[in-house]
Amino acid sequence: MADSPSKPTRARTAPLPDEASLVGRAVGGDRSAFARLAEHYQSACYGLAWRLLGDADRAADATQDALFHAYGAIAGYRGGTFRSWLLRITANASYDILRRAQRRPTTELPSPDEGAPELPDLAAVNPLREAARSEMYRHLERALQELPDDQRIAVVLCDVYGMDYGQVARLTDAALGTVKSRIHRGRLRLRELLADHRELFSD
Amino acid sequence: MQHHDRHPDDERLAAFADGTTVATADHDLEAHLAACPRCVAMVDDLRRLQASLAELPDLMPSRPLRFLPPVAAQRDGQAAALARRLFAPVLVAGIALSVVGGAGGLASIASMGASGAAAPAPQLASGEERGEPAAAPSAAASRDAVVSDNGASASADGGVDAFSAPSPSQGSTLLLWPVLLGAGLLLVGAALLLRFVRSPRAG
């Protein structure tokens with residue numbers, strides 16, 4: 001689509017053309033400027049929340065929490081890309097929900113063994129994405145959801161969202177070495193899970 | 001084939017593939033990779049896997065989200081902030097007025113009792129003592145004081161100079177002290193109410 005908000009090679013929300021001024025106005029208390037930014041980046045936040053939580057409802061809850069929290073915290077925004085700032089807040093909101101779910105066994109997240117994990121309709125995100133690529137995404141998303149929580153969180157934050165080890169360590173309250181190990185083991189496990197689909201990864 | 005018994009640990013390979021750790025300076029590993037297609041393939045897989053993860057697209061939320069907190073909630077927040085700011089000053093003003101009113105009332109009753117004209121006030125005075133313990137010692141101390149002493153203490157509090165006429169015009173002072181006390185107690189009550197404005201919503 002000509003009006004697709006995403007670059008064709010990386011279906012990530014690109015910054016708004018007037019983002020700097022919108023952010024400035026939002027920091028100054030302009031509600032409509034904040035709403036515009038929140039609307040623009042909601043799919044970035046939701047994608048992260050969904051990958052961390054593996055559940056559409058919880059992911060929507062986490063994204064909603066994150067947007068409201070961001071609204072309250074916008075006065076303290078200190079540079080960096082707005083997307084990264086919002087994603088850090090979303091990661092925190094998702095992580096809170098995940099921990100709460102872990103503490104309450106009755107509301108445990110559905111385990112990957114109980115049928116196929118719920119997957120978003122990726123074709124709806126970008127209808128023109130070629131079949132092989134969306135097939136690859138589908139397999140990747142499914143494999144991510146089969147990782148143990150610790151490994152999935154580390155791999156999602158680091159490999160999917162480009163956070164560095166230090167950020168992941170702070171977010172998950174873990175030691176740097178632990179984070180590295182989780183990421184490496186997570187990638188190895190993903191490779192095993194995707195062993196039958198290696199052809200999808202040949203670039 | 002020839003290296004099968006001596007493949008490096010998978011996590012070591014993953015760290016090498018990562019390219020950001022000390023393992024990049026792992027010369028033994030490099031020597032092994034130079035002769036081991038199996039391990040080269042694994043490093044290659046892991047790197048392509050990372051590239052694919054970095055491409056995963058943003059996802060549209062499963063349900064419509066709000067981009068701004070409801071205005072009512074925001075007003076609640078502002079009301080709570082205002083209540084927090086006002087609590088201490090209102091409480092202090094209320095206590096100050098109660099002390100002045102109570103002490104002045106007791107003093108004037110005492111002086112009227114001395115001149116043999118105190119009829120309706122004593123009940124009110126004892127009520128004042130119970131309602132405002134801080135006033136009790138000073139009231140007791142000034143029980144024998146003359147009206148002019150009391151006028152001096154009132155002007156020390158500032159702002160009541162207009163009422164602190166030392167002349168024994170008892171008709172107006174009789175009215176003044178209960179009014180001051182009443183206003184003070186109302187302010188104390190208002191301060192306590194302000195306290196309640198935020199506590200139920202915080203929970």
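Q: Before we start, what is pLDDT?
A: pLDDT is the predictor's confidence in each residue, on a scale from 0 to 100. You need it here since this is a predicted model.

Q: OK, so what's the mean pLDDT of chain A?
A: The mean for chain A is 83, and 81% of its residues reach 70 or more.

Q: Which helices of chain A have the lowest and highest confidence?
A: The low end is helix α5(A), residues 122-125, with a mean of 52. The high end is helix α7(A), residues 149-160, at 96.

Q: Where does pLDDT stay under 50 in chain A?
A: One stretch is residues 1-10 of chain A, for which the model has 12 contacts beyond four places in sequence. Another is residues 107-117 of chain A, with 13 such contacts.

Q: Switching to α4 of chain A. How many residues does it have, and how far does it reach?
A: Helix α4(A) covers residues 82-103, which is 22 residues. From first C-alpha to last it reaches 32 Å, close to the 32 Å expected at 1.5 Å a residue.

Q: Which residues in α4(A) are buried?
A: Quite a list; among them are Phe82(A), Arg83(A), Leu86(A), Leu87(A), Ala91(A), Tyr95(A) and Leu98(A).

Q: And what do the buried residues of α4(A) pack against?
A: They pack against α1, α2, α3, α7 and α8 of chain A.

Q: Back to Arg83(A). Why does it count as buried?
A: Because Arg83(A) has 20 other C-beta atoms within 10 Å, and the cut-off for buried is 20 or more.

Q: Which residues is Arg83(A) in contact with, leaving aside neighbours within four places in sequence?
A: Thr13(A), Pro15(A), Tyr41(A) and Ala44(A). Also, the C-alpha atoms of Arg83(A) and Cys45(A) are separated by 8.6 Å, though these two residues are 38 apart along the chain.

Q: New topic: chain B. How many helices and strands are there?
A: Chain B has 8 helices and 0 strands. Buried residues make up 28% of its 203 residues.

Q: Of the contacts in chain B between residues at least 6 apart in sequence, how many join residues at least 24 apart?
A: That comes to 73% of them.

Q: How many residues of chain B are in contact with chain A?
A: 29 residues of chain B are in contact with 47 residues of chain A. On the chain B side, α1 and α3 are the elements that give two or more residues. Helix α3(B) gives the most, with 8 residues. By class, that side of chain B has 16 nonpolar, 4 polar and 9 charged residues.

Q: What about α1(B), which of its residues are buried?
A: In α1(B), residues 10-18, the buried ones are Leu13(B), Ala14(B), Ala15(B), Phe16(B), Ala17(B) and Asp18(B). They pack against α9 of chain A, along with α2 and α3 of chain B. Right after α1(B) comes Gly19(B), with a positive phi near 75°.

Q: And how do α9(A) and α3(B) cross, parallel or perpendicular?
A: Their axes come within 10 Å and cross at roughly 95°. Angles of 65 to 115 degrees count as roughly perpendicular, so that is what α9(A) and α3(B) are to each other.

Q: Which residues make that contact?
A: From α9(A) you have Arg187(A), Leu190(A) and Arg191(A), and from α3(B) there are Asp45(B), Leu46(B), Leu49(B) and Gln50(B). These residues divide into 3 nonpolar, 1 polar and 3 charged.

Methods:
Residues are numbered from 1 along each chain as its sequence is written. Chains are lettered from A and ligands numbered from 1 in the order in which they are written. This is a predicted model: local features need pLDDT of at least 70, side-chain atom pairs count only at pLDDT 80 or more; totals for chains, interfaces and linings use all residues. A residue is buried if 20 or more other C-beta atoms lie within 10 Å of its own, exposed if 12 or fewer, and partly exposed in between; C-beta atoms are placed from the backbone. Helices (H or I, at least four residues) and strands (E, at least two) are DSSP runs, numbered from the N terminus. Two residues are in contact if their C-beta atoms, placed from the backbone, lie within 7 Å. Ala, Val, Leu, Ile, Met, Phe, Trp, Tyr, Cys and Pro count as nonpolar, Asp, Glu, Lys and Arg as charged, and the others, Gly among them, as polar. Axes are lines fitted to C-alpha atoms, for helices over the stretch in contact, and angles run from 0 to 180 degrees between N-to-C directions. Angles under 35 degrees count as roughly parallel, over 145 as roughly antiparallel, 65 to 115 as roughly perpendicular and the rest as oblique. The expected span of a helix is 1.5 Å times one less than its number of residues.
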